[in-house]
Amino acid sequence: MHKDSITLNPGLYVTATPIGNLADMTYRAVETLKAADLILCEDTRQTAKLCNAYGIETPREAYHDHNAVRMRPRIIKKLQDGAAIALVSDAGTPLISDPGYKLVREARDAGIDFYPIPGPSAAMAALSAGGAPSDHFFFAGFPPSKSGARDKAFANLAAINATLVFYESGPRLATSLKAMADAFGDRRGVVARELTKLHEEFREDTLTTLSDFYEEAPPKGEIVVLVFPPEISATTPEALDAVLKDALTTMSVKDAAAEAAKALGAARKAAYQRALALKDGA
Ligand code: SAM
């Protein structure tokens, strides 16, 4: 019998699990997974490790991008029939760059009750200890893998006055950091790697220096990148104009904008527009 001490109301329990250190499982998450009628897993083998560690014997089924369309109606039916179902991903909080959004949306529309069981998430762990401003932040998830789409996505993020939070893989890190420097100016960034694990590491520097470093030594493991907000003081109109005017005496509008963006940590798009205006005699 897998039931433990608590009884769950019917509904969907969106349950966070550890991002590396098994001991980060919350007490409530263990209780919930033990008491649920079913655990929906991104990968049943991955969740089996967690369940073995905590003596959780609840039946498990896979719910992931490849079977979601087929599974969703069945799950909604079970929930409507009164089941308590837990949703977990391989690590961290479901729906945060992980499957589950459509299930939650459809179950909500079907009037199912919901319960978040909060816990670890790599974005929050990185923000909590990474040293980047945390009063305002924007979670941007994984950057697109194709360069055109990535540059477009970054251009849309450049003006946001908040710390930007990205998930990234080791092999793509250096290229991504370089593209970030091009799009955002050479702001400071933090690479938070292998959080809560044996080789946990935080490295802070300018985006260009970080890119050079990781190009030399492509990192292993899982990674969060924090990009500091634009430097207000460095991008005052006066400071930008001074650098642009000087650069425009010898450079094209495009190069002058790139130079100013790099020198001041300014957004490249804004620098380009201002350089165009200066060139036109505004
Ligand atoms: N749902 C998860 C969460 O709440 O953090 C994220 C899932 S997403 C598919 C996996 C990505 O999260 C990894 O590629 C990495 O960018 C980041 N990540 C997960 N665990 C991490 C860790 N321990 N340290 C650093 N980044 C991590």
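How far is an oxygen atom of the ligand from a polar backbone atom of Thr-93? In this predicted model, the separation is 2.9 Å.

**View 1. Backbone contacts of the ligand at Thr-93 and Ala-122.** A polar backbone atom of Thr-93 lies 2.9 Å from an oxygen atom of the ligand. At Ala-122, a backbone N or O atom is 2.8 Å from a ligand oxygen atom. Ala-122 is also listed among the closest residues around the ligand.

**View 2. Side-chain contact of the ligand at Tyr-167.** A polar atom of the Tyr-167 side chain and an oxygen atom of the ligand are 2.7 Å apart. The protein buries 90% of the 570 Å² that the ligand exposes when taken alone.

**View 3. The ligand in the largest pocket.** The pocket that holds the ligand is the largest one. Strand 7 (163–169) and strand 10 (222–227) are the elements that give two or more residues to the shell around the ligand. Strand 10 supplies three residues, the largest share.

**View 4. Residues of the shell around the ligand.** The ligand is surrounded by 19 residues, of which Asp-98, Ser-121, Ala-122, Tyr-167 and Ile-223 are the closest. By class, the shell consists of 10 nonpolar, four polar and five charged residues.

**View 5. The ligand between domain 1 and domain 2.** Domain 1 spans 11–120 and domain 2 spans 123–230. The ligand lies between the two domains because both give residues to the shell around it.

Note on methods
Residues are numbered from 1 along each chain as its sequence is written. This is a predicted model: local features need pLDDT of at least 70, side-chain atom pairs count only at pLDDT 80 or more; totals for chains, interfaces and linings use all residues. Side-chain values use heavy atoms; hydrogens and water are left out. A residue is near a molecule or strand if one of its heavy atoms lies within 4 Å of it. A polar contact is a pair of N or O atoms within 3.5 Å; within protein, one must be able to donate a hydrogen and the other to accept it, and residues adjacent in sequence count only if both atoms are side-chain atoms. Accessible areas come from the Shrake-Rupley method with a 1.4 Å probe; for residues, only the protein chains shown count as cover. On a 1 Å grid over the protein atoms alone, a cavity is a set of points where a 1.4 Å probe fits but cannot get out, and a pocket is an open set with protein on both sides within 12 Å along at least five of seven lines; lining residues have an atom within 4 Å of a point. A molecule sits in a cavity or pocket if more than half of its atoms lie within 2 Å of its grid points. Helices (H or I, at least four residues) and strands (E, at least two) are DSSP runs, numbered from the N terminus. Ala, Val, Leu, Ile, Met, Phe, Trp, Tyr, Cys and Pro count as nonpolar, Asp, Glu, Lys and Arg as charged, and the others, Gly among them, as polar. Domain bounds come from an automatic or database domain assignment.
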